[in-house]
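Visitor: I keep hearing labels such as "buried" and "antiparallel", and I'd like to know what earns them. Could we look at a structure together and check a few?

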Amino acid sequence: MQLTTLALLILIPLLIWRVYLRLRPFFARQESLMWKHWTGAVLFPLLLLAAAVSLLADVLALSSLGAGALGGAWLGFFTLKKTRFETIGRRYYFKPYERFGILVCMLFAARVLQIGVELYMNRQSEFPQMITREMVLHHPLSCVAFGLLAGYLATFSIGMLRWRRAQPPLPELE
């Protein structure tokens, strides 16, 4: 075994732990800002639509993207039910249910890490094969991971917008 391969095997768990630590603050109690919710509610459905249009020729990849998006939407809907909401003064706060959010983000990060390891292992082999962008992006695992993440974040953002609109207007400061 080469030294670089051994170093990679040692660094992968550290990288996973670092990604996990970076994700934790996103699932802590935070202020509800409308521009963030609007950005997520518009951006992620557009990204899903763009990905679906690019995958029209590949039925397996398109169905994997759709299945991932439906699964992510279901997890986002379930997460909204478990999210804690509060109003303090003139500000709105929420604490998302972190288990599903971190799970979805870590699955996406795991797929990205798997692609990196595949590229590294291919480069180290005696007979490297050509890996194209389409091979990576049209792979069913890539489509499921992206659909899961985008569906989850889109559903959660839309749910947060609905919650904010349902809140009664706060009195103006004098």
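What follows is a chat about how labels for this predicted model are reached.

Visitor: Let's begin with two helices. Why are α2 and α3 called roughly antiparallel?

Guide: Start with the angle: the axes of α2 (residues 34–54) and α3 (residues 59–82) cross at roughly 160 degrees, coming within 9 Å. Anything over 145 degrees counts as roughly antiparallel. So α2 and α3 are roughly antiparallel to each other.

Visitor: And which hand does the crossing of α2 and α3 have, left or right?

Guide: That one is left-handed.

Visitor: Which residues actually meet there, between α2 and α3?

Guide: From α2 you get Leu48, Ala51 and Ala52, and they meet Leu62, Leu65 and Ala69 of α3. Sorted by class, this contact has six nonpolar residues, no polar ones and no charged ones.

Visitor: Staying with α3, how do you know that its length is close to what's expected?

Guide: You compare two numbers. With 24 residues, α3 should span 34 Å at 1.5 Å a residue, and its first and last C-alpha atoms are 35 Å apart, which is close.

Visitor: Which residues of α3 are buried?

Guide: Here's the list: Ala61, Ser64, Leu65, Gly68, Ala69, Gly72, Leu75, Gly76, Thr79 and Leu80. To be on it, a residue needs a relative accessible area under 20%.

Visitor: What covers those buried residues of α3?

Guide: The cover includes α2, β2 (84–88), α4 (98–124) and α6 (140–166).

Visitor: Tell me about one of those, α6. At what angle do α3 and α6 pack?

Guide: At about 35 degrees, and their axes are 6 Å apart. The crossing of α3 and α6 is right-handed. By class, the contact holds 16 nonpolar residues, 10 polar and no charged.

Visitor: Now some single residues. What makes Ser157 buried?

Guide: Ser157, a residue of α6, has a relative accessible area of 10%. The cut-off for buried is under 20%, so Ser157 is buried. Leaving out residues up to four places away in sequence, Ser157 touches His37, Gly40 and Ala41.

Visitor: Why does Ser142 count as buried?

Guide: It's the same kind of check. Ser142 also has its place in α6, and its relative accessibility is 12%. Under 20% means buried, so Ser142 counts as buried. Apart from neighbours within four places in sequence, Ser142 is in contact with Arg111, Ile115, Val136 and Leu137.

Visitor: How far apart are the C-alpha atoms of Val112 and Ser142?

Guide: They're separated by 8.2 Å, although Val112 and Ser142 are 30 residues apart along the chain.

Visitor: And why is Val112 called partly exposed?

Guide: Val112 sits in α4 and has a relative accessible area of 46%. Buried stops below 20% and exposed starts over 50%, with partly exposed in between. Since 46% falls in that middle range, Val112 is partly exposed.

Visitor: What makes Leu119 partly exposed?

Guide: Its relative accessible area is 42%, so Leu119 is partly exposed. Leu119 belongs to α4, and its C-alpha is 7.8 Å from that of Ile131, a residue 12 places along the chain.

Visitor: Let's try a strand. Why does Ile88 count as partly exposed?

Guide: Ile88 lies in β2. At 44% relative accessibility it lands between the two cut-offs, so Ile88 counts as partly exposed. Setting aside residues up to four places away in sequence, Ile88 touches Arg29 and Tyr93.

Visitor: One last pair. How do you know that α1 is roughly antiparallel to α4?

Guide: Look at the angle again: α1 (residues 3–23) and α4 pack at about 160 degrees, with axes 11 Å apart. The cut-off is over 145 degrees, and that makes α1 roughly antiparallel to α4. As for the hand, α1 passes α4 in a right-handed crossing.

Visitor: Which residues meet between α1 and α4?

Guide: Among them are Leu8, Ile12 and Leu15 in α1, and Cys105, Met106 and Ala109 in α4. The whole contact divides into 14 nonpolar residues, two polar and no charged.

Key:
Residues are numbered from 1 along each chain as its sequence is written. This is a predicted model: local features need pLDDT of at least 70, side-chain atom pairs count only at pLDDT 80 or more; totals for chains, interfaces and linings use all residues. Side-chain values use heavy atoms; hydrogens and water are left out. Axes are lines fitted to C-alpha atoms, for helices over the stretch in contact, and angles run from 0 to 180 degrees between N-to-C directions. Helices (H or I, at least four residues) and strands (E, at least two) are DSSP runs, numbered from the N terminus. Angles under 35 degrees count as roughly parallel, over 145 as roughly antiparallel, 65 to 115 as roughly perpendicular and the rest as oblique. A crossing is left-handed if the near helix is turned anticlockwise from the far one by less than a right angle, and right-handed if clockwise. Contact means heavy atoms within 4.5 Å. Ala, Val, Leu, Ile, Met, Phe, Trp, Tyr, Cys and Pro count as nonpolar, Asp, Glu, Lys and Arg as charged, and the others, Gly among them, as polar. The expected span of a helix is 1.5 Å times one less than its number of residues. Buried means under 20% relative accessible area, exposed over 50%, partly exposed in between (1.4 Å probe, protein chains only).
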